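Here is a report on side-chain contacts, backbone geometry and overall build. Keep the structure open while reading.

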Amino acid sequence: MQEEKYITIISNRTKIVLNISSILYVLMLGKNAEIHLSSGRTYKTRMTLGELEKQLGEHFIKVHRGCIVSAMAIHDITDSINLSNGESLEYTLRKKKQIIDQFHAKQKRMISSFIEENVPSTEEEYRKYYSSFDHLPFAFADIEMIFDEERHAVDWIFRYGNPALARLEKTPLEQLIGNSFGSLFANMDSKWLRCYELATLYGEMLEIMDYSPEIDTYLKVICFPTFRGHCGCILFNISEIKFTRNSSDAETALQLYLGKTPGED
């Protein structure tokens, strides 16, 4: 599992612990720092940018005097800083080359750090590590992300999959394991890639419900980080799942699940 690092802030008189890997950027608003997370949430705290820079560590880039950005949050740099979640930030244009050089150097170091001693090195070691998943009734895979020279995830390799995964993907396990998704499915849809990249880089647990043209199936996928540079995926065929309302609390739970305040229209 990835090593987690945290910072503690005071926001609205409440002590809050934040996972550093979930922080996209920090923007100064007067004497307050506004911390933006990959989940979409923001927190304001009365700290200086310098204080936060020290606590957040070397993987953040100062793009102007009032903003620092996680190197892993950056998709590319044009006339603005374009983030992986679709947001764009202004930066000091006269320092464009310096910022791009920092961006590439920091991402290279972070991705290089994905190599760790505890990651299984052979197919047999992966099978042994995940042996308890072999007989689960739902599909599970451990995938290793592939990054290009620009440090963007472009594909993934199946390192482990259970028999239920083979049934769902309609491909024998011996063809899946050790091969990249793109090499197996020419019609690969990048929407899966972006979510797996976020889970891998930011330590987020994400859920996707969408159509998979690769296997002509509507899927529910829960993804989460496993080893560094890896992502675990639990997959369901949506047509095989039924949502039941067994009590009045079920509707409240569904509203919270959908990101709504219970009772709002």
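## Salt bridge in helix H2

Lys-97 is exposed, at a relative accessible area of 61%. In this predicted model, Lys-97 forms a salt bridge with Asp-101. Their closest N and O atoms are 2.9 Å apart. Asp-101 is partly exposed, with a relative accessible area of 40%.

Both residues belong to helix H2, which covers residues 96–112. They are four residues apart there, so about one helical turn separates Lys-97 from Asp-101. The general principle is simple: side chains of opposite charge can pair when their charged atoms come close.

## Salt bridges of helix H7

The structure holds seven salt bridges. One of them pairs Lys-191 with Asp-210, with the closest N and O atoms 3.1 Å apart. This pair links distant parts of the chain. Lys-191 is in helix H7, residues 190–202. Asp-210 is in strand E13, residues 206–212. The two are 19 residues apart. Lys-191 is partly exposed, at 25% relative accessible area. Asp-210 is partly exposed too, at 30%.

Arg-194 forms a salt bridge with Glu-197. Here the closest N and O atoms are 3.4 Å apart. The partners sit three residues apart in helix H7, so they are separated by about one helical turn. Is each partner buried or partly exposed? Arg-194 counts as partly exposed, with 28% relative accessibility. Glu-197 has 8% relative accessibility and counts as buried, because the cut-off for buried is under 20%. Salt bridges with shared partners also join Asp-189, Lys-191 and Asp-210 into one network.

## Aromatic pairs

How many aromatic pairs are there? The count comes to 15. In one of them, the ring centres of Tyr-129 and Tyr-130 are 4.9 Å apart. Their planes meet at 85°, so this pair is edge-to-face; the cut-off for that class is over 60 degrees. Tyr-129 is partly exposed, at 45% relative accessibility. Tyr-130 is buried, with a relative accessible area of 5%.

Tyr-130 also pairs with Phe-140. Their ring centres lie 5.2 Å apart and their planes are at 55°, so the pair is tilted. Tyr-130 lies in the loop between helix H3 (123–129) and strand E11 (139–147). Phe-140 lies in strand E11, so the pair ties together parts that are ten residues apart in sequence. Phe-140 is buried, at 1% relative accessible area.

## Aromatic cluster and a charge over a ring

Which residues form one aromatic cluster? They are Tyr-126, Tyr-129, Tyr-130, Phe-133, Phe-140, Tyr-160, Phe-224 and Phe-227. Both pairs described above are thus part of a cluster.

Phe-236 has a charged group over its ring. The charged end of Lys-220 sits there, 5.8 Å from the ring centre.

## Nonpolar surface patch

Met-209, Tyr-257 and Leu-258 form a nonpolar patch on the surface. Together they have about 320 Å² of accessible area. Leu-258 is found in the segment after helix H8, which spans 248–257. Leu-258 is partly exposed, at a relative accessible area of 48%.

## Positive phi values

Most residues other than glycine have a negative phi. Asn-12 has a positive phi, near 55°. Asn-12 is placed in the loop between strand E1 (6–11) and strand E2 (14–19). Asn-12 is exposed, with a relative accessible area of 74%.

Asp-216 is not a glycine, yet its phi is positive, at about 55°. Asp-216 lies in the loop between E13 and strand E14 (217–225). At 55% relative accessibility, Asp-216 counts as exposed, because the cut-off is over 50%.

## Overall build

The protein has eight helices and 15 strands. Its radius of gyration is 20 Å. The globule rule gives 18 Å for 265 residues. The two values are close, so the protein is as compact as a globular protein of that length.

The C-alpha trace spans about 55 × 50 × 35 Å along its principal axes. Of the 265 residues, 43% are buried.

Terms used
Residues are numbered from 1 along each chain as its sequence is written. This is a predicted model: local features need pLDDT of at least 70, side-chain atom pairs count only at pLDDT 80 or more; totals for chains, interfaces and linings use all residues. Side-chain values use heavy atoms; hydrogens and water are left out. Patches are made of residues with over 30% relative accessible area and no salt bridge: like charges are joined within 9 Å, nonpolar side chains (Val, Leu, Ile, Met, Phe, Trp, Tyr) within 5 Å. Accessible areas come from the Shrake-Rupley method with a 1.4 Å probe; for residues, only the protein chains shown count as cover. A salt bridge is a side-chain nitrogen of Lys or Arg within 4 Å of a carboxyl oxygen of Asp or Glu. Buried means under 20% relative accessible area, exposed over 50%, partly exposed in between (1.4 Å probe, protein chains only). Rings of Phe, Tyr and Trp (its six-membered ring) pair if their centres lie within 6.5 Å; planes under 30 degrees apart count as stacked, over 60 as edge-to-face and the rest as tilted. A charge sits over a ring if NZ of Lys or CZ of Arg is within 6 Å of the ring centre and within 35 degrees of the ring normal. The radius of gyration is taken over C-alpha atoms; the globule rule is 2.2 Å times the number of residues to the power 0.38.
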